[in-house]
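User: I'm new to this one and would like to learn how to read it. Could you walk me through it piece by piece?

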Amino acid sequence: MSVKLELYRIFKEVAEAGNISVAARNLYISQSAVSQSVKQLENELQVRLFSRSPRGVTLTSEGQLLYEYVRSAISLLETGEDKISQTRELLMGDLVIGASDTVTSWFLLPYLESFHKEYPAIRLQITSGRSQKVLGLLKSGKVDIAFASSPSDPANLSTWPCFDTHAVFVASANYPCDFDHVYTLEEIARFPLILLERKASSRVFLEQFFLQNGLSLHPEIELSSRGLLIKLARIGLGVAGVTREFVQPALDSGAIRLLKTNFQIPARSVDMCTLKSVSPTAAAERFMALVKAGN
């Protein structure tokens, strides 16, 4: 479109005022500027838009036709501006968060509740997935915020550490092992192990730790559910490699017990992640502020 939008705005004001001087006052510009703008628009469109008289101006048939479209177009633009303003003020909009079910239930729930109570007009969406999946969704623009364990490519991300996790080994309280014994890496590796499936980042991290110490893990049971790890450990099917923070209630209840070890697997951080190259929405900024204030 070769004609500038401002010319159409002036044309619309003149058409509605029916007088160039009145339109100039309404627009807070000079009368000559309004006249020149109308003349420029007529020249560019090669059509006469107004009929002049001592009492003011009236639209020609061509001007009336153009006015109907200009009025609709500017109304749509104003509606769009209003909607943008509402999203900035959190009166409407969406917030899409990517996180695993465990992180959502163990960490995010109070923040989601607080945010929803304060901004009920914002539609919250939770996309469930492990760290690698939700980071992929973040990079493709399908989520606004991702919660992931120790992102492998933090250079492209803005991250905020939320909490640390620690890998430990647990078994049923009546499992045939010595809970007072301090186990070595080799002894742990010889147990019938219950681990998460290989695509889980915590499983990859655990295996890498053992490999760095010259050992391979060969679990008897591999699962996609953290909850099943505990359930199978509780019925005595083996020793489960778990995240201590996520199984603390089961440890506190005595349903499972922690195996002592002479090694400590390095902690991992669960981080709140956004893309450095993309400015977060107002809703995302507010949610991140809630999380940061709570940590």
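Analyst: We'll go through helix packing, a hairpin, two sheets and a couple of single residues. Keep in mind that this is a predicted model.

User: Let's start with helices. How do Helix H1 and helix H3 pack, and at what angle?

Analyst: The general idea first: two packed helices are described by the angle between their axes and the distance between the axes. Here, H1 (residues 5-17) and H3 (residues 31-45) meet at about 110°, and their axes are 9 Å apart. That makes the two helices roughly perpendicular to each other, because angles of 65 to 115 degrees count that way. As for handedness, H1 and H3 cross in the left-handed sense.

User: Which residues of H1 and H3 meet there?

Analyst: From H1 you have Leu7, Tyr8, Ile10, Phe11 and Val14. Across from them, H3 brings Val34, Ser37, Val38, Gln40, Leu41, Glu44 and Leu45. Sorted by class, the contact of H1 with H3 holds nine nonpolar, two polar and one charged residues.

User: On to strands. How many residues lie between S1 and S2 in their hairpin?

Analyst: Two residues lie between them. S1 (residues 50-53) and S2 (residues 56-59) run antiparallel and are joined by four bridges. To find your place in the pair, look at Arg52, which has Val57 of S2 opposite.

User: In what order do the strands of the sheet with S4 and S6 come?

Analyst: A general point helps when you look at any sheet: in a regular strand the side chains alternate between the two faces of the sheet. This sheet is open and has five strands, ordered S4-S3-S5-S14-S6, with mixed pairing. S4 (123-128) and S6 (157-165) are the edge strands; each has a single partner, so one side of each has no neighbour in the sheet. Ignoring direction, neighbouring strands here are turned by 20° against each other on average.

User: In which sense do Strand S3 and S4 pair?

Analyst: They are parallel, over six bridges, with S3 covering residues 94-99. Within that pair, Val96 has Gln125 of S4 as its bridge partner. Also look for helix H6 (residues 131-139), which lies across S3, S4, S5, S6 and S14 and runs at about 150° to S5.

User: What is the strand order in the open sheet with S10 and S12?

Analyst: Read that one as S10-S9-S11-S7-S12; its five strands are also paired in a mixed way. S10 (221-223) and S12 (256-258) sit at the edges with a single partner strand each, so one side of each is left without a neighbour. From one strand to the next, the twist averages 35°. S9 (residues 193-196) and S11 (residues 239-243) run parallel and share two bridges, and Ile194 is partnered with Ala240 in S11. Helix H8 (residues 201-212) packs on this sheet, touching S7, S9 and S10, at about 130° to S9.

User: Now single residues. Is Ser100 buried or exposed?

Analyst: Ser100 is buried, because its relative accessible area of 17% is under the 20% cut-off. You'll find Ser100 in the loop between S3 and helix H5 (101-118). Leaving aside neighbours within four places in sequence, Ser100 is in contact with Ser128 and Gly129.

User: And what does His116 count as?

Analyst: His116, in helix H5, is partly exposed at 42% relative accessibility. Try comparing sequence and space too: His116 and Glu81 are 35 residues apart in sequence, and their C-alpha atoms are 24 Å apart.

Definitions and conventions. Residues numbered from 1 in each chain as written. Predicted model: local features only at pLDDT ≥ 70, side-chain atom pairs only at ≥ 80, totals over all residues. Heavy atoms only, no water. Pairing = 2+ DSSP bridges. Axes fitted to C-alpha atoms, helices over the stretch in contact; angles between N-to-C directions. Contact = heavy atoms within 4.5 Å. Parallel < 35°, antiparallel > 145°, perpendicular 65-115°, else oblique. Left-handed = near helix turned anticlockwise from the far one by under 90°. Nonpolar A, V, L, I, M, F, W, Y, C, P; charged D, E, K, R; others polar. Buried < 20%, exposed > 50% of the residue type's maximum accessible area, 1.4 Å probe, protein only.
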